[in-house]
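Trainee: Could we go through this model together before I set up any calculations?
Mentor: Certainly; please bring it up on the screen.

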Amino acid sequence: MPVSDLSTAKYEWTDETISYYRSQVLQTLSQVEGLAGIEADIISETYMTPVDFAERFHAYNGACFGLRPTLTQSNHLRPQSKAKNCENLYFTGSSTHPGAGVPIVLLSAKIASDELILDDSVSMKATKAQTVHSAGGVANEGS
Ligand SMILES: Cc1cc2nc3c(=O)[nH]c(=O)nc-3n(C[C@H](O)[C@H](O)[C@H](O)COP(=O)(O)OP(=O)(O)OC[C@H]3O[C@@H](n4cnc5c(N)ncnc54)[C@H](O)[C@@H]3O)c2cc1C
């Protein structure tokens with residue numbers, strides 16, 4: 001059930017809150033054909049609240065989803081896979097480009113790893129060129 005994250009919710013996650021949302025869910029389900037008596041048929045039940053998402057998964061403000069795909073948080077405006085102000089730092093996951101959902105997050109991982117491999121090959125080429133140049137320099141000095 002969609003609920004507010006911990007930064008915007010105007011209520012605490014007490015037993016009363018949980019009971020309120022539980023009855024909302026059961027009320028909605030019981031209107032589905034064949035599920036009228038669903039509450040009586042419950043054998044076991046579990047629930048997770050934003051507090052659980054924050055405590056168990058370190059989810060920011062207990063939000064279970066990443067950044068919303070609004071216009072200003074999409075495409076090139078979404079956090080990119082490569083850090084702008086820090087070298088050798090790459091990001092992946094649902095709050096980064098291209099977005100949320102398991103297939104999209106896997107694509108995000110590919111984009112980040114491609115960037116990393118590209119940067120690594122460029123830096124390895126530069127190191128190799130530097131080594132060759134230095135070696136040549138030493139040889140010239142000796143001759
Ligand atoms: C209820 C729900 C239903 C969904 N249904 C679908 C669906 O049907 N199909 C679909 O494609 N997508 C679905 N999604 C979305 C999908 O699950 C996410 O987009 C995807 O899991 C995000 O992947 P991620 O790797 O970015 O983050 P996550 O899968 O959240 O992985 C982040 C991991 O990092 C760990 N972590 C956090 N902080 C730290 C730390 N400090 N140190 C170490 N580890 C840490 C967390 O415990 C977690 O395991 C659903 C999401 C939710 C919440």
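Mentor: We shall discuss confidence, the fold, the ligand shell and some individual residues.

Trainee: What kind of model is it, and how are residues numbered?
Mentor: It is a predicted model, in which local features need pLDDT of at least 70, side-chain atom pairs count only at pLDDT 80 or more, and totals for chains, interfaces and linings use all residues. Residues are numbered from 1 along each chain as its sequence is written.

Trainee: What is the mean pLDDT of the chain?
Mentor: The mean pLDDT (the predictor's confidence in each residue, from 0 to 100) is 91. Of the residues in the chain, 95% reach 70 or more.

Trainee: Which element has the lowest mean value, and which the highest?
Mentor: Among the elements of the chain, α4 has the lowest mean pLDDT, 84. Helix α1 (residues 15-30) has the highest, 97.

Trainee: Where does pLDDT stay under 50?
Mentor: That applies to residues 139-143. For this stretch the model has zero contacts beyond four places in sequence, a contact being two residues whose C-beta atoms, placed from the backbone, lie within 7 Å.

Trainee: Turning to the fold, how many helices and strands are there?
Mentor: The chain has four helices and zero strands. Both kinds are DSSP runs numbered from the N terminus: helices are H or I with at least four residues, and strands are E with at least two. Along the sequence the pattern is α-α-α-α.
Mentor: The radius of gyration of the chain, taken over C-alpha atoms, is 26 Å, well over the 15 Å that the globule rule gives for 143 residues, so the chain is more spread out than a compact globule. That rule is 2.2 Å times the number of residues to the power 0.38.

Trainee: What box do the C-alpha atoms fill?
Mentor: Along the principal axes, they fill a box of roughly 95 × 35 × 30 Å.

Trainee: How much of the chain is buried?
Mentor: Buried residues make up 4% of the 143 residues. A residue is buried if 20 or more other C-beta atoms lie within 10 Å of its own, exposed if 12 or fewer, and partly exposed in between, with C-beta atoms placed from the backbone. In α3 (50-57), the count of buried residues among its eight residues is zero.

Trainee: What are the domains?
Mentor: The domain assignment gives domain 1 (1-64) and domain 2 (67-143); such bounds come from an automatic or database assignment. Their centres, taken over C-alpha atoms, are separated by 40 Å.

Trainee: Why does the ligand lie between the domains?
Mentor: Domain 1 and domain 2 both give residues to the shell around the ligand, so the ligand lies between them.

Trainee: Which residues are around the ligand?
Mentor: They are F57, H58, C64, F65, G93, S94, A100, G101, V102, P103 and V105; a residue qualifies if its C-beta atom, placed from the backbone, lies within 6 Å of the molecule. Helix α4 (residues 102-142) contributes the largest share, three residues.

Trainee: And by class?
Mentor: The shell has seven nonpolar, four polar and no charged residues. Here Ala, Val, Leu, Ile, Met, Phe, Trp, Tyr, Cys and Pro count as nonpolar, Asp, Glu, Lys and Arg as charged, and the others, Gly among them, as polar.

Trainee: H58 is in that shell; is H58 buried or exposed?
Mentor: H58 counts as exposed, with 8 C-beta neighbours inside 10 Å. H58 follows α3 and is placed in the loop between α3 and α4. Its phi is near 55°, a positive value in a residue other than glycine.

Trainee: What about N61 in the loop between α3 and α4?
Mentor: N61 also has a positive phi, about 55°, although N61 is not a glycine. N61 is partly exposed, with 13 other C-beta atoms within 10 Å.

Trainee: Where is the cis peptide bond?
Mentor: The bond from H97 to P98 is cis, with omega near 0°. P98 is in the loop between α3 and α4. Most residues other than glycine have a negative phi, and most peptide bonds are trans.

Trainee: Lastly, what does S95 contact?
Mentor: Leaving aside neighbours within four places in sequence, S95 is in contact with G66, L67 and P79. S95 is partly exposed, with 19 other C-beta atoms within 10 Å. The C-alpha atoms of S95 and R78 are separated by 7.7 Å, although the two are 17 residues apart along the chain.
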